[in-house]
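Okay, everyone, let's get going. I'll put the structure up and walk you through the sheet, then the core.

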Amino acid sequence: MAALSRFGDLEAVVMERLWSYGRAANVREVLEDLKRDRTIAYTTVQTVMENLHRKGWLRRTKVGRAHVYEPVATKAGYTAKLMRDALATSDNQAAALVHFLSDLSPAEAEALRAALKVVPQEGHA
């Protein structure tokens, strides 16, 4: 994957849908799902999914005459990459982390404590 960036609005919606399926889907399936919430053209969904494929976010496989698409990364993996990219932009990563940690809600702080118990400590991997 090239330089990481946030998804555009429609890209984010398409990725959310694909992540929620937990399986590959074709353009028509995503279109029908999106049409429950908005008016949208098949070609628009196709273009967005093709762009996400070109950018490396979706894997594309030919099934019959159509392509099916599936995310190459989990939503958690995408979020983690965004967080690492954001941290990398700081010239003082320690200060950025302090600000980040000071803004955590109690639930977020608990999630962080739980995550730290799962991740091997340096030298113990």
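So, the sheet in this predicted model: three antiparallel strands make an open sheet, in the order S1-S3-S2. Strands here are DSSP E runs of at least two residues and helices are H or I runs of at least four, numbered from the N terminus; two strands pair if DSSP finds at least two bridges between them. S1 (25-26) and S2 (58-63) are the edge strands with a single partner strand each, so one side of each has no neighbour in the sheet.

A quick word on ground rules: residues are numbered from 1 along each chain as its sequence is written. Local features need pLDDT of at least 70 and side-chain atom pairs 80 or more, while totals for chains, interfaces and linings use all residues, and side-chain values use heavy atoms, leaving out hydrogens and water.

Back to the strands. S2 and S3 (residues 66-71) pair over six bridges; Arg59 partners Glu70, and Thr61 sits opposite Val68. The two strands make a hairpin with two residues between them, and Gly64 in that turn has a positive phi of about 65 degrees. On the S1 side there are two bridges to S3, with Ala25 partnering Tyr69.

Now, what supplies the largest share of the largest nonpolar core? First, a core means buried Ala, Val, Leu, Ile, Met, Phe, Trp, Tyr and Cys residues joined through side-chain atoms within 4.5 Å, where buried is under 20% relative accessible area with a 1.4 Å probe, protein chains only. This one has 20 residues, and Val14 and Leu52 are among those touching the most other members. The answer is H1, with five residues.

Technical notes. Buried means under 20% relative accessible area, exposed over 50%, partly exposed in between (1.4 Å probe, protein chains only).
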